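Trainee: Please take me through the interior packing of this model in close detail. I should like the cut-off behind each term as well.

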Amino acid sequence: MSITIEEAPQEVWVKVTSRKGRRSRTKPALTAPAPPTLLPSPSTLSLEQVKQDHDRLASQWKSSPSYGKLQELLSSNTAIVGNSVATAICFGLGTFDPPDGAWEQKRKAHIQLAAFLAIVEHLQRQASHKIRCVFQEPILNSVDEAFIESLGHEVIDSPAGFQLVDPKTLAFGVHLYRDIYSQVISTHIPAMFIGTAYGTWEE
């Protein structure tokens, strides 16, 4: 099954030359930019600071209408998955400590983590086995990794996460590049996919 989060595709404006003296006009052409080469930046936060940020932001999010809507969506859509998810893989989470200190980027990373873990927790209640949680994100720094591991989860290097996807996988990745989505589903279609609709990238 797929639970998708829609995002408008990036638009590149292409000039169309008119004929017979008509004025030129423009129309949007959908293109998918190539994924940049991503590397981690040195951490400026301690592990304790990252934990404090997450506790505060996750708590705020769980008090919001978005959390309630997510729970309703899961309750009405995950019954068909049942006990089938064995591994949950989070792709492209982002860093909790962006090099420019951008608060919005940091906030999104914490909320995406909270949402991912809330989904896994919901599925875990249906499962007769422990669901393995794995994170693949090239820009995670050492403190980011230590924080995720302190929660009892795994951090792996790319492209190992793509190779783990199988019919018993929850694949989670919001606002990723088209090429990343292609790699996620290149070998198997996961039991659940949560992210931007793949059709967004197609004309």
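Mentor: Q71 counts as buried because its relative accessibility is 18%, where buried means under 20% relative accessible area, exposed over 50% and partly exposed in between (1.4 Å probe, protein chains only). This is a predicted model, in which local features need pLDDT of at least 70 and side-chain atom pairs count only at pLDDT 80 or more, while totals for chains, interfaces and linings use all residues. Residues are numbered from 1 along each chain as its sequence is written, and side-chain values use heavy atoms, with hydrogens and water left out.

Q71 belongs to helix 2 (residues 65-77); helices (H or I, at least four residues) and strands (E, at least two) are DSSP runs numbered from the N terminus. Leaving aside residues up to four places away in sequence, Q71 touches A118, H122 and R125, contact being heavy atoms within 4.5 Å.

The largest nonpolar core (buried Ala, Val, Leu, Ile, Met, Phe, Trp, Tyr and Cys residues joined through side-chain atoms within 4.5 Å) has 37 residues, of which F96, F116, I119, F135 and L170 touch the most other members. Elements that each supply at least two residues of this core include helix 2, helix 3 and helix 4, and helix 3 gives the most, with 10 residues. F135 has contacts beyond four places in sequence that include F116 and I148.

In helix 4 (residues 142-150), the buried residues are V143, D144, F147 and I148. These residues fall within an arc of 135° seen down the helix axis, so they line one face of helix 4; the arc is that of the directions from the axis to the C-beta atoms. They pack against helix 1 (47-62), helix 3 (103-124), strand 5 (132-136) and strand 6 (154-155).
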